[in-house]
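Student: I should like to test several descriptive terms against the values behind them. May we proceed term by term?

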Amino acid sequence: MREHTFQDVVDCETVMQYGDVMLFIAKHSWLFTKEGRFIARLKQINRAWDVLFMSNNTIFMDGLGDRSYHYVSLETGEVLWSISQKGKRNFAPRKMALSPCGRKVYYVYSIGEQRYLDTIIPEDKICLTQRLPLMKGAVCAVFCTPDGKLGVLRSFMQTNTIHLFDPDNVLQECFVQEVINDHSAMPVAADDTHILMSDLQVIKWRENTAFSLLPEQESKISKDFFTIMDYDPVRQLLNIRYLKSSSTLIIDCKSKRIAAHYRPITSGLSGGCVVGDEFWIGTDKGIQKRPFPHMDPYPRNFLFFFRMKNG
């Protein structure tokens, strides 16, 4: 049997890297080494858009299409454990966070009007479900604090609120704080200290102060919604993908400037990843490697409210 290559991956929607392993997320995701050795195609896992890299060279995947959780070895591609989800879940929220020890997954979701928390310990084949207290508004982010608290960022009527819970007993709310907000922007992500807004403002929520990731262009940044594809803490590179245009921005958070901009090569396959000095992206002809840094022309009316010369 012919071994698969990067050119066989013609349906990759998102590229993710974990050490020397590349995960190409598709209807049925692919695993390769960075050097191109084929590991596995995860045919029993369907549309796993939400994933977390865990300890012991493993990955947790939420198969949206098969309504199951999966625990997979990154070395062999073997599915070590699966558990079926019960009930039809709402489209939002579906937010995951990894515990500080790297062994537990916290998954917040909703069924009807009620929100739930699943605590999954894949190594022990355990999944525990708790009902979260009723909270009005949208759950925009879920994270863990270094001391193991579960954080939930809620947005309701132009007010953002951080809630911290004991994940073993979510009825014990440990902390609540309202956060300053520019009413024209929405929260996108949060962690123990920061909230990233849709206008690329960053709120230091424990201090209730804020700064811009792109201060020189602060008044011209588009409010179009984006998703975070990746963050490299060593190089301080933030990879975000805008949903309307499918454009990818790589922001250098240290120097607070745009390091690169990429447009998709194939429609519908737009989630790429910076790997060394290259930007890897899926196409209908396989995985393509483009130079990093690089600036594709901006699409019309993207990022700035006025027309760019190269738009």
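Student: What makes the sheet with the order β5-β6-β7-β8 an open one, and which strands stand at its edges?

Tutor: In this predicted model, 4 strands form that sheet, with antiparallel pairing. The strands β5 (50–54) and β8 stand at the edges with a single partner strand each, so one side of each has no neighbour in the sheet. From one strand to the next, the twist averages 15 degrees.

Student: How do you know that β7 and β8 are paired?

Tutor: Pairing requires at least two bridges between the strands. Strand β7 (residues 68–73) and β8 share 5 bridges in the antiparallel sense, so the criterion of at least two is met. Within this pair, Tyr69 stands opposite Ile83 in β8.

Student: Does the criterion apply in the other sheet, and how many bridges join β18 to β19?

Tutor: There are 3 bridges between strand β18 (residues 194–197) and strand β19 (residues 201–204), which run antiparallel; the cut-off is at least two, and therefore they pair. Leu196 stands opposite Val202 in β19. The open sheet to which they belong has 4 strands in the order β17-β18-β19-β20, with antiparallel pairing. Its edge strands, β17 (187–190) and β20 (209–212), each pair on one side only. The twist in this sheet averages 25 degrees from one strand to the next.

Student: Why is Ser29 called buried or exposed, as the case may be?

Tutor: Ser29 has 2% relative accessibility. The limit for buried is under 20%, so Ser29 counts as buried. Ser29 lies in the loop between β2 (21–25) and β3 (30–33).

Student: What makes the approach of the Ser29 side chain to the backbone nitrogen of Ala26 a polar contact?

Tutor: The separation is 3.4 Å. Because the cut-off for a pair of N or O atoms is within 3.5 Å, the distance of 3.4 Å satisfies it.

Student: Which class does Phe91 fall into, buried or exposed, and why?

Tutor: Phe91 has a relative accessible area of 75%. Exposed means over 50%, so Phe91 is exposed. Phe91 is found in the loop between β8 (79–84) and β9 (94–98).

Student: What can be said of the lining of the second largest pocket by class?

Tutor: The lining comprises 9 nonpolar, 4 polar and 3 charged residues. Of the 16 lining residues, those nearest the centre are Gln17, Asp230, Tyr231, Asp232 and Val274. The pocket holds about 230 Å³ of space.

Notes
Residues numbered from 1 in each chain as written. Predicted model: local features only at pLDDT ≥ 70, side-chain atom pairs only at ≥ 80, totals over all residues. Heavy atoms only, no water. Helix = DSSP H or I, 4+ residues; strand = E, 2+ residues; numbered from the N terminus. Axes fitted to C-alpha atoms, helices over the stretch in contact; angles between N-to-C directions. Buried < 20%, exposed > 50% of the residue type's maximum accessible area, 1.4 Å probe, protein only. 1 Å grid on protein atoms, 1.4 Å probe; cavity = no way out; pocket = protein on both sides within 12 Å on 5 of 7 lines; lining within 4 Å. Points joined across faces, edges and corners; volume = space filled by probe spheres on them. Nonpolar A, V, L, I, M, F, W, Y, C, P; charged D, E, K, R; others polar. Polar contact = N/O pair within 3.5 Å; in protein donor to acceptor, adjacent residues only side chain to side chain.
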